[in-house]
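Here are a few notes to read alongside the model. Have it open as you go through the points.

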Amino acid sequence: MLSYRHSFHAGNFADVLKHIVLIQSLDYLNKKDKPWCCVDTHAGPGKYELDGDYALKNREFDNGIAKLWRRNDLPDSVAHYVSLIKRFNKPDQLTRYPGSPLIAKQLLREKDRLCLCELHNTEIKLLTAEAKKDKRIKVFHADGLKSSLTLLPPLERRGLVLIDPSYEIKSDYQQVVETLVAMHKRFAVGTYALWYPVIERSRNRKLERALQATGIKNMQLFELGIRADSNEHGMTASGMIVINPPWTLMAEMQQVLPWLADVLGDNGEGFCRMETLVGDG
Ligand SMILES: C[S@@+](CC[C@H](N)C(=O)[O-])C[C@H]1O[C@@H](n2cnc3c(N)ncnc32)[C@H](O)[C@@H]1O
C-alpha cells in the first residue's frame, strides 16, 4: 500500500531543484516549433495547498519556495520558476504550490502533450480533476514505471520523461535503473530526468554506478544539499540525473546551484554537485 503523500513536502528545497530542471528542459523543447510529449511517471495530485494541514505539519516549503518568493536578486532560471509558481497565488500570499503536472501544463503549447501516471487512489482523483478536459493531457491510474513504457516512443519523437518516485520501497533504486534502460531502448533520443534523494549516501553511489554501467551515454547529475551527508537526519540533499540533457543545462545549473546552496543551505552547510556521469562520445 502506498502511504507517501507529497503534500507534506511540497515546495521544499528538493522541489525547487526538480522543478527548475523540469522547466529548463521543457523551455528548451519549446525552442523548436515541432511538438513534444512529456511523460510524468509519478505525477502526484497536481497541486498542493501550502496553507493546508499536510504542508503546515513540517513547513518544508519554508526552506524552499518561501525563501525565494520575495527576493529580487534571483538568477534568471530561478526567477522564471518563481514566476510560474506566482501564477497560482495571490500577490504577496504564498498558499499554493503547483506540482510537476501543473508546471508542465503551463509550458505546453497547443500541439504538445502531457501524459501523467499516478498510482495512489486519492492522488489520482485530485490529479484527474486538475487535468479537467484539457485534450492535451492524459491521466493514467497506473504504475508509472511499467505503463509509461507503452507510451514510448511518443508519436512526436521528441520529449521528456520525468521520473519522480517517492523511494518508499528500497527496490525503487534498482527498478528505476531497469526502467530507464527499457525506456531508452524504445526512445533513445528522449530526455530523461530522474529525481533522487540523498538519505544514505552509499545508496546514491550504487545508483550512480548502476546508471554508468548501463551503457547509456550523455548523462549529467545536478545535486543540491542543504547540510552535510548524514545517515541520521533524513534527506540532506537531492538531485536530478538527466539523460540527453539540453546542451544549455550544465551552464545554467552552474549559475544557479551554487546560489541555491548558499541561500537554502543550513548555516553555511549547503553544497552542490554538477557532474557529467557519462559523456556523449
Ligand atoms: C514525489 S511524488 C510526485 C511529485 C510530483 N512529481 C511533483 O513534482 O509534484 C511521488 C508520487 O508517486 C506516486 N507513486 C508511487 N509509486 C508509484 C508508481 N509505481 N507509479 C505511479 N505513481 C506512483 C505517489 O503516490 C506520489 O504521489
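1. Let's start in the middle of things: which residue in S7 does Leu-162 stand opposite? The residue is Ala-193. Bear in mind throughout that this is a predicted model.

2. That pair belongs to a longer match-up. Strand S6 (residues 159-163) and strand S7 (residues 191-198) run parallel, with four bridges joining them. Further along, Ile-163 has Leu-194 as its bridge partner in S7.

3. Now look at the other neighbour of S6. Strand S1 (residues 37-40) is also joined to S6 by four bridges, and these two run parallel as well. Here Cys-38 is the one to click on, with Leu-160 as its bridge partner in S6. As background, strands of a sheet pair through backbone hydrogen bonds, either parallel or antiparallel.

4. Is S6 buried or exposed? Five of its five residues are buried, so the strand is largely enclosed by the rest of the structure. Try following the side chains: Gly-159, Val-161 and Ile-163 point one way, while Leu-160 and Leu-162 point the other way, and all are buried.

5. Zoom out and you'll see where these strands sit. The sheet is open, has eight strands with mixed pairing, and reads S5-S4-S1-S6-S7-S9-S8-S10 in order. At its edges are strand S5 (137-141) and strand S10 (271-278), each of which pairs on one side only. From one strand to the next, the twist averages 15 degrees.

6. Some of the residues above turn up again in the largest nonpolar core, which has 71 residues. Those touching the most other members are Leu-17, Cys-38, Leu-116, Tyr-192, Ala-193, Leu-194 and Met-240. The element that gives the most to this core is helix H1 (residues 13-29), with 10 residues.

7. Leu-194 deserves a click of its own. Leaving out residues up to four places away in sequence, Leu-194 touches Ile-163, Val-176, Leu-180, Met-240 and Ile-241. Ile-163 in that list is also the bridge partner of Leu-194.

8. Last stop, the ligand. How many residues surround the ligand? There are 20, and the closest are His-42, Gly-44, Gly-99, Ser-100 and His-120. Strand S4 (113-118) and helix H7 (144-147) are the elements that give two or more residues to this shell. By type, the shell divides into seven nonpolar, eight polar and five charged residues.

Note on methods. Residues numbered from 1 in each chain as written. Predicted model: local features only at pLDDT ≥ 70, side-chain atom pairs only at ≥ 80, totals over all residues. Near = placed C-beta within 6 Å. Nonpolar A, V, L, I, M, F, W, Y, C, P; charged D, E, K, R; others polar. Core = buried A, V, L, I, M, F, W, Y, C linked by C-beta atoms within 7 Å. Buried ≥ 20, exposed ≤ 12 C-beta atoms within 10 Å, placed from the backbone. Contact = placed C-beta atoms within 7 Å. Pairing = 2+ DSSP bridges. Axes fitted to C-alpha atoms, helices over the stretch in contact; angles between N-to-C directions.
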